[in-house]
Amino acid sequence: MMRPMKTLALAALLAGASDRASAQTEAKSSGASGSVYADVLYTSTGKTFENVLVTFQDGRITTITPGAKVDDQVPHGAALTAGMVDLSARVARSEASVEQTNEVEASLSVAGALDLFDPNWARLAATGVTTVLASPPDRNVVGGLSAILKTQGPTDIAERQLTGRSFLRGAMGDAPSSGNRPAWGAPNSIYNRRPTTRMGVEWEWRKAFIDAASAPDYPELEFPGADVFRAVLAGNVTLFVQAFTSIDIRTAVFLKEEMKREGFGDIQMWIDSGAEAWKDPQLLKRSNSGVVLPPFPADGYSGENSFMAWDVAKQMDELGIPFTLSAYGSFSLGSTLGDQAGRAMHGGLAFDKALAAVTLVPARVLGLEDRIGSVEVGKDADLVLWSGPPFELTSRVLAVWVSGTPVTQSSSATR
Amino acid sequence: MKLLSNQLPLTLAALAGSVTLAVTFAAPAVAQEKQAIKAGTIITMDGAPIQNGVILMDGTRVLAVGPADQIEIPWDAEVTDAPDMVAMPGFVEAHTNSGIDRANETLDVTPFFDVQDSINPVDFYFEDCLRFGITTINVQQGNNTVIAAMGAVVKPWGMTVDAQLVMPQSGVKMSVSPKAGKSAATQAATLRQAFADLRSHLEQLVEEKRQGNDRAHREALAQGRDYEGEDAKGRAMTGKGWIVEGMELVPRVEVDEKMAPLLKVVEGRLTVYMYCGAPAQVRTALDIAKENGFLENMILVLGSGCFKAADQIAAAKVPVILDENLVFVEVDPITEEETRTFEAQVFKDKGIPFALTSRDSGMESLWYQAAMAVGQGLSREDALAAVTTVPAKLMGLENRVGVIKPGADANIVLYNGDPLSVRSQVQHVFIDGQKVYDRSNDPRLKHLFEGQRPPGTAPAQDAGSNVESSDGTGDKKDKE
């Protein structure tokens, strides 16, 4: 049985700030114009152009001219791609970016807790990442709503945020319970709390969903943020669940299936950091979930002692499971998002699939494929110029434009 | 643990059973086996790459390398035909603490130790070396030391340390950076004191000989030292720092065994791998080396940021081994602006020979570091040299490893593409002319690379996709 949902308040909460934001962004971005020339343009839509001149005006791509000739004034590189998108960028946030006194804090958005003055944004942008999904850290079970934003731009979050799909971010597994302990005698720490196990974490999730779904009939079950859970059940907000290990992915999928079985709603879900997605891919397949793969670990072991096979991206591709790659917002040499794409290729993923996994696929996940994720006329001028074949270790990022504005950071000189 | 399946089980069985048997049918068979590799491209590191080339090898060495039409393959040679592959000499790790059980000794001064006693031939590290194309490794003690053990150059193949050995006692490790619990000043003082102790010991030996005292002789006999070869005789001391007159009176075997390696250092006959963790310590390292005459047989093992002392290093003409952090990052505390320095380029520009080292034994080993260095602007030739010919020369093995040329050790790695591309993987490794690694027969790689599906979790057929790996060797189907 479906229950009536109170979505109006939520819609205001989710969309209010960002509608205003995009209007202002467009007003401010005028003047971000220029051009770039590359030996090869990989558009992310499957097309490749050679000796191509790309011009952009007011932050949008205006022309794409293959076979063009230009003078030395135009920035020139071996390859041009769309700006990359990281769905699990863990940048410019701290433990203070998440409410820790409540296990379930669905009503808060991380947008209010991000430090846009942090110089790491520029460092990240200089690696070629132009858009991120920023999420609250996992110090509680459900941290709150994620925020989509460009890596460069106004330092006012209302102006910087993009309007796309909404994501409720939380975690299964070890992270939300680690460090928690029962109080012996008098409580003496905020960590004297539950959950203290994976089971307790799952219970917090399920309780929140069932309470939210039942609250219209049983008002005493209402809690702050319950409307967000109802929006998740209605499919208006995507559930973004961190689950490294196959047992945690299973828990998330079973939770989704239980909600459907009970008639509460059909949840749209993406798994964050699904390092062990390869172990039981049918779980993801049957739940129509996609997975954000965490950074490739050198020794195979990713978070929470999960094992991440080097060919996991290739396996996801062959199974038809939507996936994106993430560098967790790293800008250090050898572990950038471009390097993660290179590692996926080392594991057997084809170049065009690797490119899609860091551009168009995440853009689609965000519901912003008409704005970002590929190089096409009319789209945002988020561009990355490479010194050689993209994602090869022997190549480096020469220049990056975010909404037509070049990234200026001394660090971009090296990588 | 179990080694790769093709690891000469016959030889081992024979060795375990009877030495005679091993000699009669295992060893000669290995030594005379002729091998030929036909490769699409051969990067020799000794001149331009050869297209459609042939490498001819006997049991241990390269006999010939050149274009296919110039080299006749003997009728009895076993041929590896790899027209789509790229052959390269195996990479050379200039300095590592991997492959030994614990990297550091608590005693300050131990040049009489030898890492051979610590190397674990079945360590996974050596497997990883094969997987990523490293065929020569200079194993040295860790950096947390004053004067450490003698190192050894080994290959990542063999069931015993002796089978792995390429060059024993390849140098002695020292550190000018403070060992835990020391200050930079006490570190330097301890280093200097070790050489002062050697000097007074030698002076005492000479003095005793002059007085007709045979204590040292009796002590050597009591300890069972052998009076053999050069060491049985006295020899005047040489050295560019200081010398003790009268050493011709003292048979070298009578020098205290705990100090004898340092005498070799002072005489310029043993390489010093001097760890220097910060640019401020470069000066101390060079001073101590000059005082004790080993400047010309010293190699600096540098920590991040030591490029700042590049001028001093260049003036002293000392080669360097760089650490795994290719780029040194400094953040201005006020503006938070970053300054990034690609260190290898600084050494290149100053004309200082430099070797690159691995970040880890897996993915981020030498191929990765060399590729990154190219990404940072180093030429391909220089980057490849920094992981092959340069470290080989530092070890004095430039005619044996890091190069494919007649007479060199037949350590050859075959890739399915450009060795520095993310799309390439090591396919075959030959060490001493024997094929010791075959990617299609590497059980642990299947775990690392493809994971191992637990029984019963194979992708269902309704997934409608082909999950067999493309080369047909993939182990994607579960083993129920």
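Into which domains is chain B divided? In this predicted model, chain B consists of domain 1, which is assembled from two stretches of the chain, 33–90 and 403–441, and domain 2, which covers 91–401. The C-alpha centres of domain 1 of chain B and domain 2 of chain B are 31 Å apart, and the contact between these domains draws on 16 residues from domain 1 of chain B and 22 residues from domain 2 of chain B.

On the side of domain 1 of chain B that touches domain 2 of chain B, the elements giving two or more residues are the strands β18 (426–431) and β19 (434–438) of chain B, and β18(B) gives the most, with three residues. Sorted by class, this side of domain 1 of chain B holds 12 nonpolar residues, along with three polar and one charged.

The second contact to follow is the one between the chains, where 35 residues of chain B meet 35 residues of chain A, two residues being counted as in contact when their C-beta atoms, placed from the backbone, lie within 7 Å. On the side of chain B that touches chain A, at least two residues each come from the strand β15 (338–342) and from the helices α11 (366–375) and α14 (443–450) of chain B. Of the elements on this side, α11(B) gives the most, with five residues. The residues that chain B places on the side touching chain A divide into 17 nonpolar, nine polar and nine charged.

Technical notes. Residues numbered from 1 in each chain as written. Chains lettered and ligands numbered in written order. Predicted model: local features only at pLDDT ≥ 70, side-chain atom pairs only at ≥ 80, totals over all residues. Helix = DSSP H or I, 4+ residues; strand = E, 2+ residues; numbered from the N terminus. Nonpolar A, V, L, I, M, F, W, Y, C, P; charged D, E, K, R; others polar. Domains from an automatic or database assignment.
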